[in-house]
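User: Please go through this model with me. I will ask about its cross-links, charges and strands, one point at a time.

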Amino acid sequence: MDVSRRFHNVKWFSALLESLLRALLLMKAISPATPLRLVMLDVPSPTVVGQEVELTCSFDLNGDTLYSVKWYKDDVEFYRYVPNDWPPGQFLPLGGVRVDLSKSKEQSVYIRNVALETAGVYKCEVSTEAPVFDTVSAKKDMQVYVLPTEGPKITHRHLKYQIGDTVTVNCTSAKSKPAATLNWYINDKPVGPEYETVYSTILHDDGLEVSCLSLRLLITHDHFTTGNMRLKCEASIPRVRYTMSDETLVFKDQLQHVSGLQIRETLSKIRDTAAIVATPVRWIHYFLSLLTTVYNCFFMCMRN
């Protein structure tokens, strides 16, 4: 009798535990909120070629046990962190992505030596252990910039201009990605768009771009308020705070205007100078003629 009663109690207790477990699983299934929460995903953008970047995936397990954190670029996995594996952090080779395993942990992954191919859409996926098996994920885009290695160049410039001349100059940026934004300045004042001509961006085989902007305007007295005019072309990439420029100093070409009175006085002086120079010449000619006559008379006398 006692054995039968004990067996019945154990059976009843097992059924109770099973019912409680099913109830918990049912409550989990119908609950609108999940204990696992992805707090923040940080993917630096834009980043610059050659830099090291840290991708951060912050999450809150709310008491659950972490199973894995996986990172994807354009839906291709390149890094995973599984606490029960050895080593926990593992890198799956992928073009353009170089993971620093010594720094990467469960909530961050370090990418060193960023290249143009590093750009893409990055996803962090977090999963918990059984029996919950929750999974949350988020995506963010990374843009990669290549900064110019030198400043813009001004071409077709002249050192001197006269009032009324037309200035026509070009400005070309160095190769970069994206192409730099160009702006003209005269004496540190921005030039209006009506004087500028924007040309199509030039795309090179290496993926880098070049921008061109020309300037054409009529020179007036206002441009030479300080005795000269300064032309400046500025190249900028605002999101990474890059700015470089090229400048040229233009001087005013002075024309000397001579009045009619000055011209007449000058011509009179020239005639007087010519007369003074011509007087000794006439005296020499007269003396030579007289000497010739005396010589002829002397020669005739000697013959007689």
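Analyst: A salt bridge is a side-chain nitrogen of Lys or Arg within 4 Å of a carboxyl oxygen of Asp or Glu. This is a predicted model: local features need pLDDT of at least 70 and side-chain atom pairs count only at pLDDT 80 or more, while totals for chains, interfaces and linings use all residues. Residues are numbered from 1 along each chain as its sequence is written, and side-chain values use heavy atoms, with hydrogens and water left out.

User: How many salt bridges does a search of the whole structure find?

Analyst: The search covers the whole structure. Its total is 9.

User: Which residue does Asp188 meet in a salt bridge at 2.3 Å?

Analyst: The 2.3 Å separation runs N to O between the two side chains. The pair links distant parts of the chain, 42 residues apart: Asp188 is in the loop between strand 14 (181–186) and strand 15 (189–190), and its partner is in strand 20. Strands (E, at least two residues) are DSSP runs, numbered from the N terminus. The partner of Asp188 is Arg230.

User: Are Asp188 and Arg230 buried or partly exposed?

Analyst: Buried means under 20% relative accessible area, exposed over 50%, and partly exposed in between (1.4 Å probe, protein chains only). Asp188 has a relative accessible area of 45%. Arg230 has 28%. So Asp188 and Arg230 are both partly exposed.

User: Which residue do shared salt bridges join with Asp188 and Arg230 into one network?

Analyst: The network arises from salt bridges that share partners. With Asp188 and Arg230, the other member is Glu247.

User: Lys232 is buried yet has no salt bridge; what is the nearest side chain of opposite charge?

Analyst: Lys232 lies in strand 20. For charge, Lys and Arg count as positive and Asp and Glu as negative, with His and the chain ends not counted. Lys232 touches several residues beyond four places in sequence, among them Trp184, Tyr185 and Glu247, where contact means heavy atoms within 4.5 Å. At 4.0 Å, the nearest opposite charge is Asp188.

User: How far apart are the closest N and O atoms of Asp60 and Arg37?

Analyst: This salt bridge links parts 23 residues apart, with Asp60 in strand 3 and Arg37 in strand 1 (residues 37–42). Asp60 counts as partly exposed at 27% relative accessibility. Arg37 is partly exposed as well, at 45%. Their closest N and O atoms lie at 3.7 Å.

User: Which residue forms a salt bridge with Lys73?

Analyst: Lys73 is buried, at a relative accessible area of 10%. Its partner counts as partly exposed at 39%. The closest N and O atoms are 3.2 Å apart, and the partner is Asp74.

User: How many disulfides does the structure hold?

Analyst: A disulfide is a pair of cysteine sulfur atoms within 2.5 Å. With bonded cysteines counted along the chain, the pattern is 1-2, 3-4. The number of disulfides is 2.

User: How many residues apart in sequence are the parts that Cys57 and Cys124 tie together?

Analyst: The sulfur atoms of Cys57 and Cys124 are 2.0 Å apart. The link is left-handed, with -85 degrees about the S-S bond. Cys57 and Cys124 are buried. Cys57 lies in strand 3 (residues 53–60) and Cys124 in strand 8 (residues 120–128), so the separation is 67 residues.

User: What cysteine does a disulfide join to Cys171?

Analyst: The S to S distance is 1.9 Å. A torsion of about -85 degrees makes this disulfide left-handed. Cys171 is buried at 0% relative accessible area. Its bonded partner is Cys233.

User: Cys212 is in no disulfide; how far away is the nearest cysteine sulfur?

Analyst: Cys212 counts as buried, at 17% relative accessibility. The nearest cysteine sulfur belongs to Cys171, at 8.3 Å.

User: Which strands stand at the edges, each with a single partner strand?

Analyst: The open sheet has 4 strands in the order 11-13-19-16, with antiparallel pairing. Two strands pair if DSSP finds at least two bridges between them. One side of each edge strand is left without a neighbour in the sheet, because each has a single partner: these are strand 11 (153–155) and strand 16 (196–198).

User: What is the bridge partner of Val198 in strand 19?

Analyst: Strand 16 and strand 19 (residues 212–218) run antiparallel and are joined by 3 bridges. For Val198, the partner in strand 19 is Leu213.
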